[in-house]
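Reader: I am new to reading structures. Can you walk me through a few features, one at a time?

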Amino acid sequence: MTDMRGFCEPRFAAVREAFAASLAQDDVGASVAVYLDGEPVVDIWGGYADADRTVGWERDTLTGVNSTTKNMTALCALVLADRNELDLSAPVATYWPEFAAAGKEHLLVRHVLSHTAGLPDLSGPTAVEGLYDWEGVTAGLAAQAPEWEPGTAAGYHALTFGFLVGETVRRITGRSLGEFFAEEVAKPLGADFHIGLSAEHDHRVAPLIPPPSLTDEYTASAPFGPDGTRRENTGVEIRVKDVNSAAWRRAQIPAVNGFGNARSVGLVQSVLANQGSAGGVRLLSPRGCEPAWQEVFHGDDRVLRTPMSWTAGFGRFGNTFGWGGWGGSLVVSDPGSHMTVAYVMNQMIDRNQEEDNRGTEIVMAAYSGLH
């Protein structure tokens, strides 16, 4: 039986049981957190930080959460909107004038946040190193023509989401997305989550472990729909070895390269589930949280090839919202019950080869604690 540490309120015992089962079966190391009314009710972790199972997963172990980072990037936009510094209904070019090129003068901020901007692929970079050139990538996006009329269709913006939101934030605040997040979100909350990780934290990072039977050449060629298909990928292929590199950690790729654990992911996102505050710290008004779960688009997603409901920055699933990352990490918030559930792990599962129910089973277990 893998050692599990932390605390779990008795009524959420089913979460502890689901996590124990996951550690015994699929996980190498992982963490789980549940927040209710902006306060932690479950904060548990266990297993190992390395594939050889020689280094324990500690309370402050961090790992790359891939697209779960999008939840953090979206929150930054909602904070600015709540401060009346960003209008979700305004053209992106209001803040980023060069973006008006190639017929994008009427492309709205909410189109970017809801994956309906028509810019799902990067036209420029073909190698991962190209993603580290912020100026080059954003200049390319400013010049690019949309694939469809913005707002009329959705297609998951796997990498472009972070550059589009991030450059808009940079134009308004003069700060990179990672800097804005660190100063305006993570610091006030005391959240150990980073977009652009400095070297001082490297010793705490648990490298991602490729799915069983695959190597660290395993590629996130693109998100896959439930049938395992998507259109041809024209963008950058990201491998597990890239995500585990120092260059990746130092860069800012705000759609995908955040580092944290379930405690920090859950803490930050619990703000939106709890009317704008967590742990006694208010980040935005109750009304400022509402775009997180108000549907902007519903229909077939052209990239994921599955029906999707997109809000301003999040996927919507029934009465919940949130998003997960390549390999298995996940955060789900329920504004009706003021609950947020987060799951962060190092052992990836390839959804083309097998189902990955680890995160969803923990979410379902958390609901049993509400009754």
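Author: Start with a definition. A cavity is a set of points where a 1.4 Å probe fits but cannot get out, and its lining residues have an atom within 4 Å of a point. Keep in mind that this is a predicted model.

Reader: How many cavities of 30 Å³ or more does the structure hold?

Author: Two. The largest has a volume of about 60 Å³. The second largest has a volume of about 30 Å³.

Reader: Which residues line the largest cavity?

Author: The lining is made of Ala77, Leu86, Val92, Val109, Val112, Leu113, Leu164, Val165, Thr168 and Val169. Two elements, α3 (109–113) and α5 (160–173), give two or more residues each to this lining. The most comes from α5, with four residues.

Reader: What classes do the lining residues of the largest cavity divide into?

Author: Nine are nonpolar, one is polar and none is charged. Now take the second largest cavity. Its lining has four nonpolar, four polar and one charged residues. Lys70, His115, Phe161, Trp310, Gly313, Phe314, Gly315, Gly322 and Trp323 form that lining.

Reader: His115 is in that list. Where does His115 sit in the chain, and is it buried or exposed?

Author: His115 lies in the loop between α3 and α4 (134–143). Buried means under 20% relative accessible area. His115 has 1%, so it is buried. Look at its backbone too. Phi of His115 is near 60°, a positive value in a residue other than glycine.

Reader: Which value does phi take in Ser213?

Author: Phi of Ser213 is near 80°, again positive in a residue other than glycine. Ser213 belongs to the loop between β5 and β6. Exposed means over 50% relative accessible area. Ser213 has 71%, so it is exposed.

Reader: Arg204 is in the loop between β5 (194–195) and β6 (219–220). Is Arg204 buried or exposed?

Author: Apply the cut-off of 20%. The relative accessible area of Arg204 is 11%, so Arg204 is buried. Then check its partners. The side chains of Arg204 and Asp192 are joined by a polar contact of 2.6 Å. Leaving aside neighbours within four places in sequence, Arg204 is in contact with Asp60, Thr61, Leu62, Asp192 and His194.

Reader: How do I read a pocket?

Author: Unlike a cavity, a pocket is an open set of points. In this model, the second largest pocket holds about 160 Å³ of space.

Reader: Which elements give two or more residues to the lining of the second largest pocket?

Author: They are α1 (13–25) and α11 (358–368). The largest share, four residues, comes from α1. Residues of this lining include Ala18, Gln25, Asp26, Ile349, Arg358 and Glu361. By class, the lining has three nonpolar, three polar and six charged residues.

Reader: What about disulfides?

Author: A disulfide is a covalent bond between the sulfur atoms of two cysteines. A search of the whole structure finds zero.

Reader: Why does Cys76 form no disulfide?

Author: Two cysteine sulfur atoms must lie within 2.5 Å. For Cys76, the closest cysteine sulfur is in Cys289, 14 Å away, so the gap is too far for a bond. Cys76 also counts as buried, at 0% relative accessibility.

Reader: Is Cys8 buried or exposed?

Author: Use the cut-off of 20% once more. Cys8 has 16% relative accessibility, so Cys8 counts as buried.

Key: Residues are numbered from 1 along each chain as its sequence is written. This is a predicted model: local features need pLDDT of at least 70, side-chain atom pairs count only at pLDDT 80 or more; totals for chains, interfaces and linings use all residues. Side-chain values use heavy atoms; hydrogens and water are left out. Buried means under 20% relative accessible area, exposed over 50%, partly exposed in between (1.4 Å probe, protein chains only). A polar contact is a pair of N or O atoms within 3.5 Å; within protein, one must be able to donate a hydrogen and the other to accept it, and residues adjacent in sequence count only if both atoms are side-chain atoms. Contact means heavy atoms within 4.5 Å. On a 1 Å grid over the protein atoms alone, a cavity is a set of points where a 1.4 Å probe fits but cannot get out, and a pocket is an open set with protein on both sides within 12 Å along at least five of seven lines; lining residues have an atom within 4 Å of a point. Grid points are joined across faces, edges and corners, and a volume is the space filled by probe spheres set on the points. Ala, Val, Leu, Ile, Met, Phe, Trp, Tyr, Cys and Pro count as nonpolar, Asp, Glu, Lys and Arg as charged, and the others, Gly among them, as polar.
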